[in-house]
Amino acid sequence: MPSRRRTLLKVIILGDSGVGKTSLMNQYVNKKFSNQYKATIGADFLTKEVQFEDRLFTLQIWDTAGQERFQSLGVAFYRGADCCVLVYDVNSMKSFENLNNWREEFLIQASPSDPENFPFVVLGNKVDVDGGNSRVVSEKKARAWCASKGNIPYFETSAKEGTNVEEAFQCIAKNALKSGEEEEIYLPDTIDVAASSQQRTGGCEC
Amino acid sequence: MNRSDSNKQSSSGEQEGAEIVYVKDNVAIHPTQYASERISGRLKLIKQGGSLLMTWIPYKGQSSSARLSEKDKSLYTIRAVPFSDVRSIRRHTPTLGWQYVIVVLSSGLAFPPLYFYNGGVREFLATIKHHAYLVRSADDANVFLVNDFQDPLQRTLSSLELPRAVSVTNTPSSAAAPSESPSSWTDGETFDRNSALAQQNARQRQKNNDPARDLSIQVLEKFSLVTRFARETTSQLFWEAQGDGFIPNDRRKHDKKTHDYPRIAESNNIQKLPEDVPVPEDPLEFDKVSLVWGKPRQPPLGIEEWSAFLDSEGRVTDSEEVRKRIFYGGVEQGLRKEVWPFLLGYHSYDSTYAEREYLVSVKKSEYETIKNQWKSISKEQAKRFTKFRERKGLIEKDVVRTDRSISFYDEDDSPNIKSLRDILLTYSFYNFDLGYCQGMSDLLSPILYVMGDESESFWCFVALMERLGPNFNRDQNGMHSQLFALSKLVELLDIPLHNYFKKNDCLNYFFCFRWVLIQFKREFEFEKTMRLWEVLWTHYKSEHLHLYVCVSILKRYRRKIIGEEMDFDTLLKFINELSGHIDLDAILRDAEALCICAGENGEACIPPGTPPSLPVDDASMYYQQDDDDVL
């Protein structure tokens with residue numbers, strides 16, 4: 001039975017400063033929330049083991065600085081990404097409007113092999129704030145944008161209360177896995193290096 | 001000897017209750033190959049309390065050479081080193097020339113070879129043995145281990161496979177050829193031989209350029225093979241010592257502290273010392289024999305000592321001396337408020353009390369004027385002023401998450417948080433082109449904490465940003481030039497590590513981005529950050545000491561980085577997690593030593609105008625394009 005050798009899934013979280021990227025990551029991985037996370041400088045990542053069917057994967061979640069000025073660093077951090085998470089704050093129109101910039105910037109810098117089908121997931125965060133009264137971006141508006149960009153999956157989350165975080169990352173992991181699949185090289189379960197190279201040599205000579 | 005007697009009471013660090021158990025005159029070091037530049041002095045062993053100390057004090061005014069100043073001589077002085085800090089002593093008894101010893105400290109550093117012109121090495125060792133724990137190494141009869149040495153050292157020594165008997169060749173110059181190196185790692189199958197070659201080339205190259213290196217090569221040539229093997233041995237000892245920064249025990253502690261972060265998959269075998277991967281020796285360790293490493297840190301500058309630096313009208317009479325003093329010890333917390341404005345360049349050293357008082361009052365009203373520019377923006381006006389709203393929003397988001405664990409900032413409606421905001425917003429008007437950028441609140445926070453007053457903090461911050469502003473440029477040119485310089489410095493000071501980074505696609509040095517952008521603000525606790533900053537701001541040894549700090553941290557963990565074959569991701573994670581675990585004093589001493597060692601070659605690695613140097617062309621540096629986010 002063939003299985004993939006692949007075990008690492010790389011996910012990049014992007015979005016304006018202060019929309020809750022670090023909080024979402026920490027809520028998902030550590031089940032914790034703090035309102036004292038410092039502004040991210042440079043980049044960092046957390047990892048979490050996830051299981052799909054009977055296979056284990058390491059989800060590597062990259063948290064980056066939210067200020068546009070640091071975007072030139074992206075080249076180093078975005079490469080090899082399997083999924084990109086775009087986060088905005090439902091209480092900030094600007095952060096929603098910037099989603100398009102973040103998406104385009106990501107596609108330019110990460111230059112995935114198939115940009116049309118590269119998996120994004122959009123999270124509208126901070127739905128808990130002020131009981132939803134300070135909300136300025138409606139769910140409908142967000143979903144419309146997601147639909148227009150090739151049916152990007154959309155979740156409304158609260159990193160503070162943990163709302164929908166697990167579900168969102170399940171989806172993110174699944175999409176990351178799918179994205180890899182197209183380019184996946186299938187290898188036999190166990191590889192006998194000597195045997196397979198012999199085989200290959202034989203094949204070439206034929 | 002009269003000469004040495006007169007020296008006896010001077011700066012040897014002797015105190016009451018100390019007993020001199022060994023004295024030897026005419027013990028010399030050879031900083032260069034020139035006989036005229038040898039420095040003779042008196043070696044002493046002193047018993048004080050329960051511990052044994054070693055001192056070596058050069059004779060005063062004895063040198064025949066004009067090239068050796070008293071300052072140079074004092075650089076080599078060994079001041080009361082306790083034997084608890086000594087790792088080993090290697091004895092050399094060449095058939096030609098004088099006997100000498102190399103004293104290796106447990107930190108891995110070593111003093112220059114001490115030549116016993118009048119003999120007495122045996123007596124020296126016997127005296128130590130009498131007063132401290134000294135055993136002869138099982139592997140090498142000429143190595144004496146001090147204190148409790150365990151397996152690692154034995155292992156190292158046996159791995160060297162040193163020839164038992166070394167004959168003295170009659171062609172000294174060939175002895176210096178590195179191709180004969182018996183280093184064990186070149187035999188490792190997995191290690192890239194190109195790196196080995198590159199390392200040798202670099203040695204060759206640096207041998208030609210680097211005065212510090214020349215110094216050691218010259219000693220090497222002089223004493224032929226015997227010396228060379230000694231040096232190789234010593235370098236291996238250092239190499240072993242490198243591991244000490246992160247032995248498994250340390251790692252456990254480290255893990256415990258960060259237990260809420262699951263360990264990344266690649267480092268599951270993190271507990272295991274990386275023995276299977278050959279780690280190339282650190283080429284610089286090779287040289288440490290010939291250098292006296294960074295001086296011990298001093299207590300911080302206090303108010304009395306500071307007052308003595310001021311004349312009756314408040315001018316700093318010897319700014320160089322003040323900066324030197326702060327470089328080695330920092331400043332007491334209570335005095336920082338007075339001293340930092342000088343270090344930052346807000347006050348000039350030759351200003352009087354009256355001039356400073358006047359400046360402060362003028363600057364205060366200037367600050368209020370600028371602050372009023374944004375204070376007077378009405379709600380209606382703000383509605384039509386997107387850039388202002390966005391900038392303000394970004395600053396407000398950041399100030400409430402800056403150093404909130406410090407009591408100075410911990411209250412939710414702390415007036416100090418409001419001051420942070422006001423200063424940053426005012427700065428973004430003062431320097432509208434640069435605006436606000438994340439990281440600035442980290443740089444301002446300790447300044448406000450120290451200065452207290454809003455206007456004073458603002459102007460100190462302005463002075464700091466004169467130098468660090470380019471870190472925040474849209475095109476990141478300030479950051480790129482510093483990371484570039486850092487890569488060049490590592491190439492100069494640790495070619496195998498450089499080759500390792502090259503091979504693993506790590507030469508962009510983005511893993512050091514946070515270190516450089518905010519001057520290690522996130523790497524140390526608050527107090528230590530302030531200590532580090534004031535040392536950096538002295539610009540005493542170099543304007544770019546922070547880059548040497550980077551190199552010294554990387555060197556300290558090189559064995560782990562290379563041994564565990566860290567890739568870019570793992571390295572970034574590792575560096576991020578070093579936060580809170582870096583020994584500042586040790587790193588500063590290393591950085592000073594590296595800076596001295598790199599000398600002019602080091603400065604040549606750093607392009608002109610690289611922050612924190614003042615910009616070459618002030619006007620163009622901050623220019624931002626119109627389509628900038630300007631946040």
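Ser134(A) sits in the loop of chain A that runs between β5 (120-125) and α5 (139-148). I should say at once that this is a predicted model. Is Ser134(A) buried or exposed? With a relative accessibility of 25%, Ser134(A) counts as partly exposed, because the buried class ends at 20% and the exposed class begins over 50%. Setting aside residues up to four places away in sequence, Ser134(A) touches Asn91(A) and Val129(A). Asn91(A) deserves a second look: 43 residues separate Ser134(A) and Asn91(A) along the chain, yet their C-alpha atoms are 5.8 Å apart.

Let me turn to chain B as a whole. Chain B has 631 residues, and 58% of them count as buried. Its secondary structure consists of 27 helices and nine strands. Consider next the contacts in chain B whose partners have a separation of 6 or more: 72% of these are between residues 24 or more positions apart. As for the surface, chain B exposes about 26100 Å², and 49% of this is supplied by carbon and sulfur atoms.

Now to the place where the two chains meet. The size of an interface is often given as the accessible area lost when the parts come together. Here, chain B and chain A bury about 3400 Å² between them, with 52% of that area on carbon and sulfur atoms. Three residues, Arg401(B), Gln438(B) and Arg522(B), supply 18% of the area that chain B buries against chain A, which is more than any other three residues. In terms of residues, the contact takes 42 from chain B and 35 from chain A.

How many residue pairs are in polar contact between chain B and chain A? The count is twelve. Three helices of chain B, namely α15 (386-399), α21 (513-517) and α25 (568-577), each supply at least two residues to the side that touches chain A. The helix that gives the most to that side is α25(B), with five residues.

The rule for salt bridges finds three across the interface of chain B and chain A, while the count over all chains comes to 40. One pair that meets in a salt bridge is Asp44(A) with Lys573(B), at 3.7 Å from N to O. Asp44(A) belongs to strand β2 (residues 43-52) of chain A and Lys573(B) to helix α25 of chain B, so this pair joins two chains. The two partners can also be described by their accessibility. Asp44(A) has a relative accessible area of 23% and is therefore partly exposed, whereas Lys573(B), at 3%, is buried.

Other salt bridges lie within chain B. In one of them, the side chains of Asp442(B) and Lys521(B) meet at 3.3 Å, N to O. This pair links distant parts of the chain: Asp442(B) is in helix α17 (residues 440-451), Lys521(B) is in the loop between α21 and α22 (526-537), and the two are 79 residues apart. Both Asp442(B) and Lys521(B) are buried.

A further salt bridge in chain B brings together Lys541(B) and Glu592(B), at 3.9 Å from N to O. Lys541(B) is in the loop between α22 and α23 (545-556) and Glu592(B) is in helix α26 (residues 584-604), so the pair ties together parts that are 51 residues apart in sequence. Lys541(B) is partly exposed, with a relative accessible area of 30%, but Glu592(B) is buried, at 4%. Chain B also holds a network: salt bridges that share partners join Lys371(B), Lys392(B), Glu396(B), Lys418(B), Arg421(B), Asp422(B) and Glu454(B).

I shall close with a charged residue that has no such partner. Arg356(B) is found in helix α13 (residues 353-375) of chain B. Why does Arg356(B) have no salt bridge? The nearest side chain of opposite charge, Glu338(B), is 5.4 Å away, and a salt bridge requires a nitrogen and a carboxyl oxygen within 4 Å. Arg356(B) is nevertheless buried. What does the side chain of Arg356(B) reach? At 2.7 Å lies the backbone oxygen of Ser351(B). Beyond its neighbours within four places in sequence, Arg356(B) is in contact with Gly314(B), Phe342(B), His347(B) and Ser351(B). Ser351(B) therefore appears twice in this account of Arg356(B), once for its backbone oxygen and once among the contacts, which are defined by heavy atoms within 4.5 Å.

Terms used:
Residues numbered from 1 in each chain as written. Chains lettered and ligands numbered in written order. Predicted model: local features only at pLDDT ≥ 70, side-chain atom pairs only at ≥ 80, totals over all residues. Heavy atoms only, no water. Helix = DSSP H or I, 4+ residues; strand = E, 2+ residues; numbered from the N terminus. Buried < 20%, exposed > 50% of the residue type's maximum accessible area, 1.4 Å probe, protein only. Lys, Arg positive; Asp, Glu negative; His and termini not counted. Polar contact = N/O pair within 3.5 Å; in protein donor to acceptor, adjacent residues only side chain to side chain. Areas by Shrake-Rupley, 256 points an atom, 1.4 Å probe, with all protein chains shown as cover. Buried area = accessible area lost by both parts, 1.4 Å probe.
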